[in-house]
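Colleague: Before I use this model, I'd like to go through a few of the labels you put on it. Can you take me through the reasoning?

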Amino acid sequence: KKPTRLECMMQDLPWLLHRHAPPHAAPVSFTAMDGAFTYAPAKNSLHEARKNAAAGCSPASASSAELSLYAANCAILRLAGAALPPPAEATVAGVQR
């Protein structure tokens, strides 16, 4: 059984803080980024990762999270003007990324 999680919409936080903050409070905002730069869960076992990958879903395993970090770093370097080759396919412990 998975634990209960509390989730909220982070874009609502600046609005709530602005609405309920005292008049002299500092301004509040948020930054939105592409999910490829900010989301790479490492929560599944290899067995679950293989099942997810076979179903066409994100494996959400340690190896896929690490490869996502490398891909995000390459994307940032490309945005800065670096010429890098396209990413190669990789398979780690039977999970293709």
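Colleague: What makes the link between the side chains of Ser61 and Ser63 a polar contact?

Modeller: Bear in mind that this is a predicted model. The two side chains are joined at 3.3 Å, and a polar contact needs N or O atoms within 3.5 Å, so the pair qualifies.

Colleague: And why is Ser61 called buried?

Modeller: Ser61 has a relative accessibility of 2%, and buried means under 20%, so the label fits. Ser61 is in the loop between α3 and α4. Leaving aside residues up to four places away in sequence, Ser61 touches Pro41, Ala42, Asn44 and Ala49.

Colleague: Asn44 is on that list of contacts. Is Asn44 buried or exposed, and how do you know?

Modeller: Buried: the relative accessible area of Asn44 is 19%, and the cut-off is under 20%, so Asn44 makes it into the class. Asn44 belongs to the loop between α2 and α3. A polar atom of its side chain lies 3.0 Å from the backbone oxygen of Pro59. With residues up to four places away in sequence not counted, Asn44 touches Ala49, Asn52, Pro59, Ala60 and Ser61.

Colleague: What is unusual about the phi of Ala60, given its residue type?

Modeller: The phi of Ala60 is positive, about 50 degrees, although Ala60 isn't a glycine. Ala60 sits in the loop between α3 (46-54) and α4 (62-79). Ala60 also counts as buried, because its relative accessibility is 6% against a cut-off of under 20%.

Colleague: Next, α4. How do you know that its length agrees with what a helix should span?

Modeller: α4 has 18 residues, and at 1.5 Å a residue they should span 26 Å. The end C-alpha atoms are 26 Å apart, so the two agree. After α4 comes Gly81, with a positive phi near 105 degrees.

Colleague: Which residues of α4 are buried, and what do they pack against?

Modeller: The buried ones are Ser63, Ser64, Ala65, Ser68 and Ala72. They pack against α2 (35-38) and β1 (91-92).

Colleague: Last one: what classes of residue make up the lining of the largest pocket?

Modeller: The lining has 10 nonpolar, no polar and 3 charged residues. Of the 13 lining residues, Leu67, Tyr70, Ala71, Pro87 and Ala88 lie nearest the centre. Tyr counts as nonpolar in this scheme, as do Leu, Ala and Pro, so those five belong to the nonpolar class. The space in the largest pocket comes to about 280 Å³.

Notes:
Residues are numbered from 1 along each chain as its sequence is written. This is a predicted model: local features need pLDDT of at least 70, side-chain atom pairs count only at pLDDT 80 or more; totals for chains, interfaces and linings use all residues. Side-chain values use heavy atoms; hydrogens and water are left out. Helices (H or I, at least four residues) and strands (E, at least two) are DSSP runs, numbered from the N terminus. Buried means under 20% relative accessible area, exposed over 50%, partly exposed in between (1.4 Å probe, protein chains only). The expected span of a helix is 1.5 Å times one less than its number of residues. Contact means heavy atoms within 4.5 Å. On a 1 Å grid over the protein atoms alone, a cavity is a set of points where a 1.4 Å probe fits but cannot get out, and a pocket is an open set with protein on both sides within 12 Å along at least five of seven lines; lining residues have an atom within 4 Å of a point. Grid points are joined across faces, edges and corners, and a volume is the space filled by probe spheres set on the points. A polar contact is a pair of N or O atoms within 3.5 Å; within protein, one must be able to donate a hydrogen and the other to accept it, and residues adjacent in sequence count only if both atoms are side-chain atoms.
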